[in-house]
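I opened my notebook to look up where empty space is left inside a fold and which side chains pack together.

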Amino acid sequence: MNLLEKLKCLLTFGQGVALPLPDISSETDPLTLFDQWFNDAQKSGILLPESMSISTCDTNGQPRSRMVLLKEYNTDGFVFYTNYGSSKSQELEANNKISLLFHWNVLQRQIRIEGEVSKTSAEQSKRYFHSRDRGSQIGAWASKQSSILTSSAELKDREAFYKKKFANLPEIPYPEFWGGWQVKPSYIEFWQGRASRLHDRICFEKHNNKWTHFKRHP
Ligand SMILES: Cc1cc2nc3c(=O)[nH]c(=O)nc-3n(C[C@H](O)[C@H](O)[C@H](O)COP(=O)(O)O)c2cc1C
């Protein structure tokens, strides 16, 4: 982030529309618009603009939300990485519906995405796993994500165990219990804050592999 962007971040905070609204024509593709908004968020100076809330439902219909990092997006969908044994992954195994939420407060923008998940290929997960620093790779082995800790030392002990186990290996092996989920969107809604709470909501729905769009009252 350069100085100008830092200043823009400070000056626009809470003061309404920071960047002009895009024109939405019938040809506008929501992924292109997502890409524009994501780039605006990256340029705005927001810390971790790629962080998003993901919501899943457990088998009792109880919704659960937590933050993860968006690592890739393209016409095939939005990808995040996690432990496949975690609560979120177990919930997604039982019910592949998910909702994602981005909020970029400086820009007064929100994006809601709904869709269905599938696992990324083992090759893709492996490639991403090995792009991470060694500490995070060992952390993935050490964490039994979402399980109850049996003692406060358990996590450190497990980290020490895997550090030692892999000490002589140039490359940490890929853990098959860890990988990506790809979200294929069927609904994407762009929300832009406007004066007097007359906000813009532009919604895209996918039917028969074709996106249509409409606006909602704020
Ligand atoms: C900003 C932020 C980014 C995070 N990114 C990830 C991530 O990419 N993957 C992940 O598994 N957990 C991530 N976490 C931790 C999750 O929010 C969550 O605590 C963890 O995945 C366990 O969730 P679960 O028990 O519901 O499965 C992140 C947390 C924060 C605050």
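My entries below go from the empty spaces to the nonpolar cores.

I am working with a predicted model, in which local features need pLDDT of at least 70 and side-chain atom pairs count only at pLDDT 80 or more, while totals for chains, interfaces and linings use all residues. Residues are numbered from 1 along each chain as its sequence is written, and side-chain values use heavy atoms, with hydrogens and water left out.

**Pocket.** I looked up the largest pocket (on a 1 Å grid over the protein atoms alone, an open set of points with protein on both sides within 12 Å along at least five of seven lines; lining residues have an atom within 4 Å of a point). Its space is about 340 Å³, counted as what is filled by probe spheres set on points joined across faces, edges and corners. Of its 16 lining residues, Tyr81, Thr82, Arg132, Gln145 and Trp178 lie nearest the centre. Strand E2 (63–69), strand E4 (77–83) and helix H5 (134–142) each give two or more residues to this lining, and E2 gives the most, with four.

**Cores.** I then turned to the largest nonpolar core (buried Ala, Val, Leu, Ile, Met, Phe, Trp, Tyr and Cys residues joined through side-chain atoms within 4.5 Å), where buried means under 20% relative accessible area with a 1.4 Å probe, protein chains only. Among its 31 residues, Phe34, Phe78, Phe80, Trp104 and Ile111 touch the most other members. Helix H2 (30–44) is one of the elements that supply at least two residues, and H2 has the largest share, six residues. I noted another core apart from this one, with 13 residues, including Val79, Tyr81, Ala142 and Ile172.

Terms used
On a 1 Å grid over the protein atoms alone, a cavity is a set of points where a 1.4 Å probe fits but cannot get out, and a pocket is an open set with protein on both sides within 12 Å along at least five of seven lines; lining residues have an atom within 4 Å of a point. Buried means under 20% relative accessible area, exposed over 50%, partly exposed in between (1.4 Å probe, protein chains only).
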